[in-house]
Amino acid sequence: MSETRILSHQESVIVEASATFLYDLLSDITRTGEWSPVCTSCWWDDEAEAGRVGSWFTGRNELPHRTWQTRSEVVTAERGREFAWVVGGSFVRWGFSFTATENGTGSVLTESWEFLPDGIAMFEEKFGEDAHAQITDRTQQALDGIPKTLAAIKRIAEVSRGSGEQALA
């Protein structure tokens, strides 16, 4: 039985930092290991293209029962608005969007995740009858990880601001 729906989720947090500060922080994928509960490190495949739409990076992911690497393509890079990538070029979309708060003292940071049809098809081909369980597991990892990631980013951004960096610049 083919799983055809797109699975998606997003959560938001208010961070006392500007949208451009958050964009600059989060689009530096080499820092991902500081806030992700699963992705321990990332590096650009071509430093000269770093951060641009169409650029690729590799991420190392670790869980207690397995370690793996993925390659991802940047699909949105709008400074101060949104930074997003797609794992494998078409499997899973992750992104961060930034919106100024109404009082102008911070930003609403939203992390989003979508399990795309090509990713579901790849899991069905790779895992066969176990595909649904594998998709459910990956979905639960995203649901558990997003609030942890947002809390860590908030802490890092606000600590940076408190240590004298221009988080609201």
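Is E78 exposed, partly exposed or buried? In this predicted model, E78 has a relative accessibility of 36% and counts as partly exposed. The side chain of E78 forms a salt bridge with R81, and the closest N and O atoms of the two are 2.9 Å apart. R81 reaches 54% relative accessibility. Because the cut-off for the exposed class is over 50%, R81 counts as exposed.

The salt bridge between E78 and R81 belongs to a set of 9 found in a search of the whole structure. Another member of the set joins E62 to R60, with a distance of 3.0 Å between the closest N and O atoms. Both ends of this bridge are partly exposed: E62 has a relative accessible area of 33%, and R60 has a relative accessibility of 31%. A further salt bridge links R138 with D137, at 3.8 Å from N to O. Here the two residues fall into separate classes. R138 has a relative accessible area of 15% and is buried, whereas D137, at 31% relative accessibility, counts as partly exposed.

The strands were examined next. Strands of a sheet pair through backbone hydrogen bonds, either parallel or antiparallel. In this model, 7 strands make up an open sheet with antiparallel pairing, in the order β1-β7-β6-β5-β4-β3-β2. The edges are formed by β1 (7–15) and β2 (39–44). Each of these edge strands has a single partner strand, so one side of each is left without a neighbour in the sheet. On average, neighbouring strands of the sheet are turned by 20° against each other, direction ignored.

The partner of the edge strand β1 is β7, which covers residues 107–115; the two run antiparallel and are joined by 9 bridges. Within this pairing, V15 stands opposite S107 in β7. Helix α1, made of residues 19–26, packs on the sheet. The strands touched by α1 are β1, β4 (66–78), β5 (82–87), β6 (92–100) and β7. The direction of α1 makes about 155° with that of β6.

Aromatic side chains were also considered, and the count comes to 10 aromatic pairs. One of them is formed by F115 and F123, whose ring centres lie 5.2 Å apart. The planes of these two rings are at 80°, and the pair is edge-to-face. Both F115 and F123 are buried. For F123, the class follows from a relative accessibility of 10%, because buried means under 20%.

F123 also pairs with F127. The ring centres of F123 and F127 are 5.2 Å apart and the planes stand at 45°, so this pair is tilted. Why are F123 and F127 separated by about one helical turn? The two residues are 4 residues apart in helix α2 (residues 117–127), and therefore about one helical turn lies between them. F127 has a relative accessible area of 23% and is partly exposed, in contrast to the buried F123.

Elsewhere, one aromatic cluster is formed by Y23, W44, F57, F83, W85, F96 and F98. An aromatic ring also faces a charged side chain: R66 lies over the face of W68, at 3.6 Å from the ring centre.

Notes. Residues are numbered from 1 along each chain as its sequence is written. This is a predicted model: local features need pLDDT of at least 70, side-chain atom pairs count only at pLDDT 80 or more; totals for chains, interfaces and linings use all residues. Side-chain values use heavy atoms; hydrogens and water are left out. A salt bridge is a side-chain nitrogen of Lys or Arg within 4 Å of a carboxyl oxygen of Asp or Glu. Buried means under 20% relative accessible area, exposed over 50%, partly exposed in between (1.4 Å probe, protein chains only). Two strands pair if DSSP finds at least two bridges between them. Axes are lines fitted to C-alpha atoms, for helices over the stretch in contact, and angles run from 0 to 180 degrees between N-to-C directions. Contact means heavy atoms within 4.5 Å. Rings of Phe, Tyr and Trp (its six-membered ring) pair if their centres lie within 6.5 Å; planes under 30 degrees apart count as stacked, over 60 as edge-to-face and the rest as tilted. A charge sits over a ring if NZ of Lys or CZ of Arg is within 6 Å of the ring centre and within 35 degrees of the ring normal.
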